[in-house]
Amino acid sequence: MTSPAHTQYVYYTASTMDGFLADSNDSLDWLLTQPIDESGPFPISDLMAKTGAIVMGATTYQWVLDHTPGEPWPYPEQQTFVFSHRKFEKVHPSITVVSGQPAANRELLEKAAGDLGVWVVGGGGLAAAFAADGMLDEMVVSYAPVTLGAGRPLFDGAFDFELLETAQNRAFLIGRYRV
Ligand SMILES: NC(=O)c1ccc[n+]([C@@H]2O[C@H](COP(=O)([O-])OP(=O)(O)OC[C@H]3O[C@@H](n4cnc5c(N)ncnc54)[C@H](OP(=O)(O)O)[C@@H]3O)[C@@H](O)[C@H]2O)c1
């Protein structure tokens, strides 16, 4: 009997060179002003084609709600799981609010992902919690040529990674790492 394929968990994100996802006020202005070629290396379209379930923390979900008022939910094809203790407006039927450790939600996430993988959107505390629970296979980071000095961390904890691949997309240096 063959065992089912292991679900791939990928933390795919952009970061400043000093390891921040957003500034201390959750602004992404440093990122949204950078040039990127949508059809260049590591396009988000490739990630989405391999993604059946999406996980994100409460601040990240709130950021999407705040910055896309009146717009349709951007990921209607996937099941999205928001890790939070808050009560949130559910803007699309594909969204579920969960809490607890990643491992406690493993069955739920992998059932939702089906034959596809899980995109860990962030933030860095949630990504580290997935890594600590053995539920993070790869990290793909697009580093913008910017430092902020402070902000929301890329990865909240001490872990070792193995560099598997690098690429350039306009202003970004992209690294793919095994966790
Ligand atoms: N550069 C990029 O590409 C990129 C990617 C992702 C995110 N971002 C930005 O980076 C920032 C990340 O914010 P953040 O560092 O605060 O991280 P976050 O993961 O978005 O939010 C953290 C919050 O999520 C909730 N949470 C996390 N783990 C939980 C668990 N196991 N159970 C229940 N609730 C849990 C908690 O909020 P509650 O207890 O209050 O619910 C926690 O304070 C945001 O501004 C986001 O927009 C940028």
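Which backbone oxygen does the side chain of Q78 reach at 3.3 Å? I started my notebook with this one. I looked it up in the model, which is a predicted one, and found that the oxygen belongs to T51.

**Entry 1: Q78**

I stayed with Q78 for a while. I found Q78 in the loop that runs between α3 and β4, with β4 covering residues 79-83. Its side chain also gets to the backbone oxygen of M48, this time at 3.4 Å. Is Q78 buried or exposed? I noted a relative accessibility of 7%, and the cut-off for buried is under 20%, so Q78 counts as buried. Then I listed its contacts, skipping neighbours within four places in sequence: M48, T51, G52, A53, I54 and S94. M48 and T51 are on that list, and these two also supply the backbone oxygens I had just written down, M48 at 3.4 Å and T51 at 3.3 Å.

**Entry 2: the ligand**

Next I went to the ligand. Where does it sit? I found it in the largest pocket. I counted 24 residues around the ligand, and the closest are D26, T59, T60, S84 and H85.

Which parts of the fold supply this shell? I wrote down β1 (9-16), β2 (20-22), α1 (29-32), α3 (58-67) and β6 (117-122), each giving at least two residues. Helix α3 gives the most, with four residues.

I then checked some polar atoms. In the side chain of T59, an N or O atom is 2.7 Å from an oxygen atom of the ligand. With G100, a backbone N or O atom is the partner, 2.9 Å from a ligand nitrogen. F83 also uses a backbone N or O atom, which lies 3.4 Å from a nitrogen of the ligand. How much of the ligand does the protein bury? On its own the ligand exposes 920 Å², and the protein buries 80% of that.

**Entry 3: helix α5 and what comes before it**

I moved on to α5, which spans residues 124-132 and includes G124. I noted that seven of its nine residues are buried, so I put the helix down as mostly covered. The buried ones are G124, L126, A127, A128, A129, F130 and A131.

I picked two of them for a closer look. G124 has a relative accessible area of 5%, which is why I call it buried. Away from its sequence neighbours within four places, G124 is in contact with Y11, L21, P153, L154, F155 and D156. I also took a distance to P72, which is 52 residues away along the chain: the C-alpha atoms are separated by 26 Å.

A131 is in α5 too. It is buried because its relative accessible area is 12%. Its contacts, again without neighbours within four places, are L136, F155, F159 and V179. F155 shows up here for A131 and earlier for G124. How far is A131 from Y9 in space? The two are 122 residues apart in sequence, and I read 9.4 Å from C-alpha to C-alpha.

Ahead of the helix, I found G123 in the loop between β6 and α5. The peptide bond joining G122 and G123 is cis, with omega about 5°. I jotted down a reminder that most peptide bonds are trans. Just after α5, G134 takes a positive phi of about 70°.

**Entry 4: N169, R170 and F42**

What is the side chain of N169 doing? I found one of its polar atoms 2.8 Å from the backbone nitrogen of D37. N169 lies in strand β9, residues 162-169. Its relative accessibility is 2%, so N169 counts as buried. Setting aside neighbours within four places, I listed contacts with P35, I36, D37, G40, P41 and I174.

R170 is in the loop between β9 and β10, where β10 is 172-178. Is R170 buried or exposed? R170 is exposed, because its relative accessible area is 52% and the cut-off for exposed is over 50%. Phi of R170 is near 45°, a positive value in a residue other than glycine. I checked F42 as well, and its phi is also positive, near 55°. F42 sits in the loop between α1 and α2, with α2 at 44-49. I marked both angles in my notebook because most residues other than glycine have a negative phi.

Conventions:
Residues are numbered from 1 along each chain as its sequence is written. Side-chain values use heavy atoms; hydrogens and water are left out. Buried means under 20% relative accessible area, exposed over 50%, partly exposed in between (1.4 Å probe, protein chains only). A polar contact is a pair of N or O atoms within 3.5 Å; within protein, one must be able to donate a hydrogen and the other to accept it, and residues adjacent in sequence count only if both atoms are side-chain atoms. Contact means heavy atoms within 4.5 Å. A residue is near a molecule or strand if one of its heavy atoms lies within 4 Å of it. Accessible areas come from the Shrake-Rupley method with a 1.4 Å probe; for residues, only the protein chains shown count as cover. On a 1 Å grid over the protein atoms alone, a cavity is a set of points where a 1.4 Å probe fits but cannot get out, and a pocket is an open set with protein on both sides within 12 Å along at least five of seven lines; lining residues have an atom within 4 Å of a point. A molecule sits in a cavity or pocket if more than half of its atoms lie within 2 Å of its grid points.
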